[in-house]
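User: Could you take a close look at one part of this model and talk me through it slowly, as you would for someone in their first year? I would like one connected explanation rather than a list.

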Amino acid sequence: MKRCPSCNRSYTDASLNFCLEDGTPLVADPPPSDSNATRRYPPGRDTSEPPPTEIYRPDTAIISQTPISQPQPQPQPQQWTPMPAVAPPRKKSNAVWWVLGGVAALGIIGIGLVVMIIALASMSAANSNNGNLNRNENRNANVVSNTNASRPNTNSSLTPGSLIDDFSEPKWGTGESKFGHIWYDGDEYHMSSKDKTFIVMYAPSDDYNTEDATVKVKARSVDGTVPSSGFGLMVHCAQSKAKQLEDYALLIYPSDSPEYEIIMHKDGTQTSLVNKTPTTAIHSGTSPNLLEVRIKGSELSFYANGEFLTKINDTGNYKRGRAGFYTSDVTEVAFDDLQITR
């Protein structure tokens, strides 16, 4: 007699090998046990020596560097049915199903590859656009709101991509803020910071781009005092995606012993690239100083009144930034005759 281990149906036909209900291979029932038969017990277990100790070695932990996401519900596994011990007679039919399954799998893989190629192409195009626009976004969101940022440049151009701004027309941002005061007066651009802080103003449009350009401006202390952190000309000015300052600046200290300094803003943090250095090229008191930055590729050379001061490399890759101005403390400073030439 045979029995189905799945549904427990019994069959007396010895020629049957599979259950007629669910196809499970049949097993032969053991012959009825003889109550008078002698039972053989297994040999006794040796307890004189303890079993060998096994060392537990846990798997090495894997630390993921990607953000942890909420676990997704896993699909329920399909019920597994054991294959019959004897191969089914319709081999040709199974081969057809294997071929069809293979064709379907190849089709799914092909569709996945096409989707992936399209996605990669889209990502590449987006990254290319981001690379071109990354330094150009949020240009009008300066420390002080630039209310005239959309006004076109009406000054005469020297060459394509070059300009002169004599500040006879109010295009840069003006107003009072928690950082200081900015205004136009006598065809000059005036700035005054709060005590023990500094204020920065970036140019109102990409017409003032400083890439591969020579940038000049006249800067002076109105009353002859010297801000504790200097004042001066900025180039390659922009804000990061986090709206933090990123730029380079030539700062001057026109005291009786004049000095200059080169600073860099990176993610809003100010760093001195060239510490305060004495120079005779800078005029003291209220005399205007012609500040100049000559930019060729990644090299920036700094001048005061036509005399070379120092040079640095653009390690921050800020080449697509604009011109800008910087001052500190309550000293009133004025800027005039900004030129950007190529």
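Analyst: Two strands are said to pair if DSSP finds at least two bridges between them. In general, strands of a sheet pair through backbone hydrogen bonds, and the pairing may be parallel or antiparallel. Please keep in mind throughout that this is a predicted model.

The part I have chosen is strand 12, and I will afterwards set it beside the way side chains gather elsewhere in the chain. As background, the protein chain holds one helix and 18 strands, and 32% of its 342 residues count as buried.

Strand 12 covers residues 259-266, and six of its eight residues are buried, so this strand is largely enclosed by the rest of the structure. It pairs with strand 11, residues 245-253, in the antiparallel sense, and seven bridges join the two. To see one of these bridges, look at leucine 251, whose partner in strand 12 is glutamate 261. The two strands make a hairpin, with five residues lying between strand 11 and strand 12.

Strand 12 also pairs with strand 13, residues 269-278, where the sense is again antiparallel and there are seven bridges. Here an example is histidine 265, which has glutamine 270 of strand 13 as its bridge partner. Strand 12 and strand 13 form a hairpin too, with two residues between the strands, and in this hairpin aspartate 267 takes a positive phi near 55 degrees. Among the side chains, the charged end of lysine 276 sits over the ring of tyrosine 253, at 4.3 Å from the centre of that ring.

For comparison, where do nonpolar side chains collect? The largest nonpolar core has 41 residues, and those that touch the most other members are Trp172, Tyr189, Met191, Phe325, Phe335 and Leu338. Strand 18, residues 333-341, contributes four residues to this core, which is the largest share. Leucine 338 shows how varied the surroundings of one residue can be: leaving aside neighbours within four places in sequence, its contacts include Leu163, Ile164, Phe167, Trp172, Tyr208, Val217, Leu233 and Phe325, as well as Asp165 and Lys216. A separate core of nine residues lies apart from the largest one, and Val200, Met234, Cys237 and Tyr326 are among its members.

Aromatic rings deserve a look of their own, since the structure holds 13 aromatic pairs. Tryptophan 172 and tyrosine 208 form one that is edge-to-face, with 5.5 Å from centre to centre and 80 degrees between the planes. Tryptophan 172 lies in the loop between strand 4 and strand 5, whereas tyrosine 208 lies in the loop between strand 8 and strand 9, so their pair ties together parts that are 36 residues apart in sequence. Are these two residues buried or exposed? Tryptophan 172 counts as buried, at 0% relative accessibility, and tyrosine 208 also counts as buried, at 1%.

Phenylalanine 325 and phenylalanine 335 make a stacked pair, 4.2 Å from centre to centre and with 10 degrees between the planes. Phenylalanine 325 belongs to strand 17, residues 322-328, and phenylalanine 335 to strand 18, so this pair ties together parts that are ten residues apart in sequence. With 0% relative accessibility, phenylalanine 325 counts as buried, and the value for phenylalanine 335 is likewise 0%, which makes it buried as well. Both of the pairs just described belong to a cluster in which ring pairs link Phe167, Trp172, Tyr184, Tyr189, Tyr208, Phe325 and Phe335.

The loop between strand 8 and strand 9 also contains threonine 210, which is buried, with a relative accessible area of 0%. Not counting residues up to four places away in sequence, threonine 210 touches Val215, Val235, His236, Ile295, Lys319, Gly321, Arg322, Ala323 and Arg342.

To return to strand 12 at the end, it is a largely enclosed strand that pairs in the antiparallel sense with strand 11 and with strand 13.

Methods. Residues are numbered from 1 along each chain as its sequence is written. This is a predicted model: local features need pLDDT of at least 70, side-chain atom pairs count only at pLDDT 80 or more; totals for chains, interfaces and linings use all residues. Side-chain values use heavy atoms; hydrogens and water are left out. A nonpolar core is a set of buried Ala, Val, Leu, Ile, Met, Phe, Trp, Tyr and Cys residues joined through side-chain atoms within 4.5 Å. Buried means under 20% relative accessible area, exposed over 50%, partly exposed in between (1.4 Å probe, protein chains only). Contact means heavy atoms within 4.5 Å. Rings of Phe, Tyr and Trp (its six-membered ring) pair if their centres lie within 6.5 Å; planes under 30 degrees apart count as stacked, over 60 as edge-to-face and the rest as tilted. A charge sits over a ring if NZ of Lys or CZ of Arg is within 6 Å of the ring centre and within 35 degrees of the ring normal.
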